[in-house]
Amino acid sequence: MTTPAERATPLLAVAGPTAVGKSAAVLDLADLLAHEGVRFVIVSADSRQVFRGFDIGTDKITVEERARHPHAGIDVTEADRPFTLYDWLSIARDAITSGGNQAQPELAVVVGGTGLYHRGLLRGFLSGGARPHDAELRQRLERTLEDEGRDYLQAQLHALHPKAADAVATASARRLIRSLEIVQLGGDPMAVEEDPWPAPYAYVLLDRPDKPAHREAIAARAARQFANGLVAEAELLAARLAADTPALSGIGYREALLYRRGEIDEQKAIALSAARSWEYARRQSTWFRSESITATIPADSNRSVRHVANELLDHVHTIMSRSEEHTSELQSHVRISYAVF
């Protein structure tokens, strides 16, 4: 007889700001793990890659790469349907538990830049009632954002819940609105439960210490996305989704549609997309500075993807070793308990 803690899978969380090479490093790590015969499951922790059709602008790995190393959490819903942290947690936990319908995995690898997803999985969150939803209230808050601006909503949240206001001070407008929605409905956006991941894990941050080089890489990626068909992709999405679908205003897609409508030229669209992406990277870095990161791995251009993957592999070996010790201790405790009984 085993407990949930004994069955829990050791976990490597690979996080970091956008455009530091997280996906490439994890794909290379997957090759190394496969070579070692480790059974593993990969889960994407990217809040934009959950939407079908948003491929080029979110830098999804290719269909061929997913066929070689499947990722749970990609292409799971349509952008015009509600999708919350709890939906993602359910997908992630199911994938890790089932191994994607394969044999029970010995390791879970969770990769992506959505810090809230990592936090929810590693630290645990209250379910349901602690963070209530009201679609009509959220729409009113979104209209208020358009009419009055972010500072107005920030002041409202600060008056009601100063800690929550501080927590989202540098976050996206969507997170600000969500926090205000929760507070106005009587919930607590800061509520967490004591339900951390029950097996050993490592929370590893990939980062580019050379910030000018990082910004140049973001600019190059924006240009590459436009060259690879982002405008056509945005057109297809806009044709089948309501104009107020939030994902259509995401980085790259808003600029592509502005360009398509003739409101800006292509170079301006690329520059605006790169600027928004850089600001997003800065917000991500701020978020991760407040997290309990196990280790930071530099991922500058002078270090190969294989080099980074090998450093990730070192962390895998450590947590799997700790997991064996952890399981052995639990089993010993169970045997002692039965003997006493």
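What end-to-end span should helix H13 (residues 266-289) have at 1.5 Å a residue, and how far apart are its end C-alpha atoms? In this predicted model, the 24 residues of H13 should span 34 Å, and the end C-alpha atoms lie 35 Å apart, so the two values agree. The buried residues of H13 are Ala269, Ile270, Ser273, Ala274, Ser277, Trp278, Ala281, Gln284, Ser285, Trp287 and Phe288. An α-helix has 3.6 residues a turn, so residues three or four places apart point the same way. The partners against which the buried residues of H13 pack include both strands and helices: strand E1 (11-15), helix H5 (115-123), H9, strand E5 (201-207), helix H10 (211-227) and helix H12 (253-260).

The chain as a whole contains 14 helices and 6 strands. It has 341 residues, of which 46% count as buried. Among contacts between residues at least 6 apart in sequence, 77% join residues at least 24 apart. The exposed area of the chain is about 17,200 Å², and 52% of this area is supplied by carbon and sulfur atoms.

Helix H12, one of the packing partners of H13, has Tyr253, Glu255, Ala256, Leu257 and Leu258 as buried residues. These pack against H10, helix H11 (230-240) and H13. Just after H12, Gly262 adopts a positive phi of about 80°. Tyr253 of H12 is buried and also contributes to the lining of the largest cavity. The count of cavities of 30 Å³ or more comes to 1, and the volume of the largest cavity is about 30 Å³. Besides Tyr253, its lining includes Arg48, Phe51, Phe54, Thr58 and Ala247. By class, this lining comprises 4 nonpolar, 1 polar and 1 charged residues.

Helix H9 (residues 173-184) is a further partner of H13. Its 12 residues should span 16 Å at 1.5 Å a residue, and the distance between its end C-alpha atoms is 16 Å, in agreement with that expectation. An uninterrupted run of buried residues occurs in H9, namely Leu176, Ile177, Arg178, Ser179, Leu180, Glu181, Ile182 and Val183. The run includes the charged residues Arg178 and Glu181. The buried residues of H9 pack against helix H6 (135-148) and helix H7 (150-160). Gly186, just after H9, has a positive phi of about 90°.

The loop between E1 and H2 holds Pro17. Pro17 has a relative accessible area of 1% and is therefore buried, the cut-off being under 20%. Apart from residues up to four places away in sequence, Pro17 touches Lys22, Leu205, Leu206, Asp207, His214, Ala281, Gln284, Ser285 and Phe288. Of these, Ala281, Gln284, Ser285 and Phe288 also appear among the buried residues of H13. Pro17 and Thr114 are 97 residues apart along the chain, with their C-alpha atoms separated by 8.7 Å.

Ala19 is located in the loop between E1 and helix H2 (22-36). Its phi is near 65°, a positive value in a residue other than glycine. Most residues other than glycine have a negative phi. Ala19 has a relative accessible area of 19% and so is classed as buried, the limit being under 20%. A positive phi, of about 55°, is also found at Asp59, which is not a glycine. Asp59 lies in the loop between strand E2 (40-44) and helix H3 (63-68). At 32% relative accessibility, Asp59 is classed as partly exposed, because this class covers values between the buried limit of 20% and the exposed limit of 50%.

Ile96 belongs to helix H4 (residues 85-98). Its relative accessible area is 2%, so Ile96 counts as buried. Setting aside neighbours within four places in sequence, Ile96 is in contact with Thr9, Leu11, Val41, Val43, Gln104, Pro105, Ala108, Leu121 and Trp197. Ile96 and Pro10 are 86 residues apart along the chain, and 9.8 Å separates their C-alpha atoms.

Key: Residues are numbered from 1 along each chain as its sequence is written. This is a predicted model: local features need pLDDT of at least 70, side-chain atom pairs count only at pLDDT 80 or more; totals for chains, interfaces and linings use all residues. Side-chain values use heavy atoms; hydrogens and water are left out. Helices (H or I, at least four residues) and strands (E, at least two) are DSSP runs, numbered from the N terminus. The expected span of a helix is 1.5 Å times one less than its number of residues. Buried means under 20% relative accessible area, exposed over 50%, partly exposed in between (1.4 Å probe, protein chains only). Contact means heavy atoms within 4.5 Å. Accessible areas come from the Shrake-Rupley method with a 1.4 Å probe; for residues, only the protein chains shown count as cover. On a 1 Å grid over the protein atoms alone, a cavity is a set of points where a 1.4 Å probe fits but cannot get out, and a pocket is an open set with protein on both sides within 12 Å along at least five of seven lines; lining residues have an atom within 4 Å of a point. Grid points are joined across faces, edges and corners, and a volume is the space filled by probe spheres set on the points.
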